[in-house]
Amino acid sequence: KGPDPDLVEIEKRMENVKHKILVLSGKGGVGKSTFSAQLSFALAGMNYHVGLLDIDICGPSIPKMLGLEGQDIHQSNYGWSPVYLEPNLGVMSIGFMLPNPDEAVIWRGPRKNGLIKQFLKDVDWGDVEYLVVDAPPGTSDEHISIVQLLQVTGIDGAIIVTTPQEVSLIDVRKEVSFCKKVGLPVLGVVENMSGLQQPLTDFRFKKVTEIGEETDVTEWALQYMREKAPEMLDLVVCGEVFDSSKGGATKMCMEMGVPFLGKVPMDPHLCKAAEEGRSCFADQKCVASAPALKKIIQKL
Ligand code: ADP
């Protein structure tokens, strides 16, 4: 029996893709797609040729996160062409193939696996230095399939995104053990939504009387600071959102022997940038999240 023709084709397709990074999370909603998108923006900003592949079949959010909703996939003689956000940032998402983004996709494993295989086989990435693959949450059939298919051509490893709560970390332990089982290196764990950080100037200041009457004194407070203590205008207010008293991801990484890449705070400006399909690195308001993300990316 000869080699699997699909694998041969994937191998050929991936010949021009230098690095492959899989972004995983134990749960949905922890910021995996946000991280994948911002990682791609960062790498593209460093002048690398980047491909971002979204294979989250049941909840593809990459089109929205890159402002590419409603785009169609074009076919050329060389295969499916990614949608180019910048000349060096191509995006391919299962979301481009779904007629209605609000409709639930209920597919069984083999059909999902078939589509993932087709994506790896048929997308014409051209010469790419980094392929960032946004995987579905959890560890299912699709994950085994993606890893096995990518391993044929060599894969750098996985980044696991989590939030600090214990419920989320339990699932990260499962992700790490999955990676160990399938022989996929863990490049590291990112703790997202780790505390709230917001510039002081984003806040509304209110004066509350004894009988509960509120007056907005924001303008007055800002003017007071401008005059009396302008350095206060640069302050960033920090607080905890989730209980991370058990040590959070840092401790878990030490216990499991995997690298901890860093923390990204909850930042309303990152949320806004992500939802509008913009890079947080080009947004001066992302003072809390962009430097944190940059530090993490530099460690890779
Ligand atoms: P996942 O891919 O894990 O399901 P998403 O990346 O879709 O999660 O993120 C879920 C929501 O949280 C999105 O609205 C996103 O904009 C927001 N979000 C992600 N990370 C942060 C953060 N650090 N600060 C604020 N909002 C965030």
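Which element gives the largest share of the shell around the ligand? Here are some notes to help you find your way through this predicted model.

1. **The ligand shell.** The answer is H9, which supplies four residues, the largest share of the shell. This helix spans 268–275, and it is joined in giving two or more residues by helix H2 (32–45), strand S9 (186–199) and strand S13 (260–266). If you are looking at the structure now, these elements are a good place to start.

2. **Who comes nearest.** There are 19 residues around the ligand, and those that come nearest are Gly-31, Lys-32, Ser-33, Thr-34 and Cys-271. Sorted by character, the shell holds nine polar residues, seven nonpolar ones and three charged ones.

3. **The largest nonpolar core.** In soluble globular proteins, nonpolar side chains tend to be buried together. Here the largest nonpolar core counts 74 residues, and Val-23, Ile-55, Val-133, Ile-146, Ala-158 and Ile-160 have the most contacts inside it. Helix H2 gives the most to this core, with seven residues. You have met H2 already, as one of the elements with two or more residues in the ligand shell.

4. **A closer look at Ile-146.** Which residues does Ile-146 touch, leaving aside those up to four places away in sequence? The partners are Leu-22, Ile-55, Ile-116, Val-133 and Ala-135. Of these, Ile-55 and Val-133 are also among the residues with the most contacts inside the core.

5. **Strand S9 and its surroundings.** Why can S9 be called largely enclosed by the rest of the structure? The reason is that 10 of its 14 residues are buried. S9 also takes part in the ligand shell, where it gives two or more residues.

6. **The neighbours of S9.** Strand S8 (residues 157–162) runs parallel to S9, joined by five bridges; Val-161 has Val-190 of S9 as its bridge partner. S13 is parallel to S9 too, again with five bridges, and here Val-189 is matched with Phe-260 in S13. Strand S12 (residues 236–239) pairs with S9 in the antiparallel sense, over four bridges. For that pair, look for Pro-199, whose bridge partner in S12 is Val-236.

7. **Two domains.** Finally, step back to the whole chain. The protein is divided into domain 1, made of 5–194 + 240–298, and domain 2, made of 201–234. Taken over C-alpha atoms, the centres of domain 1 and domain 2 are separated by 40 Å.

Conventions: Residues are numbered from 1 along each chain as its sequence is written. This is a predicted model: local features need pLDDT of at least 70, side-chain atom pairs count only at pLDDT 80 or more; totals for chains, interfaces and linings use all residues. A residue is near a molecule or strand if its C-beta atom, placed from the backbone, lies within 6 Å of it. Ala, Val, Leu, Ile, Met, Phe, Trp, Tyr, Cys and Pro count as nonpolar, Asp, Glu, Lys and Arg as charged, and the others, Gly among them, as polar. A nonpolar core is a set of buried Ala, Val, Leu, Ile, Met, Phe, Trp, Tyr and Cys residues joined through C-beta atoms within 7 Å. A residue is buried if 20 or more other C-beta atoms lie within 10 Å of its own, exposed if 12 or fewer, and partly exposed in between; C-beta atoms are placed from the backbone. Two residues are in contact if their C-beta atoms, placed from the backbone, lie within 7 Å. Two strands pair if DSSP finds at least two bridges between them. Domain bounds come from an automatic or database domain assignment.
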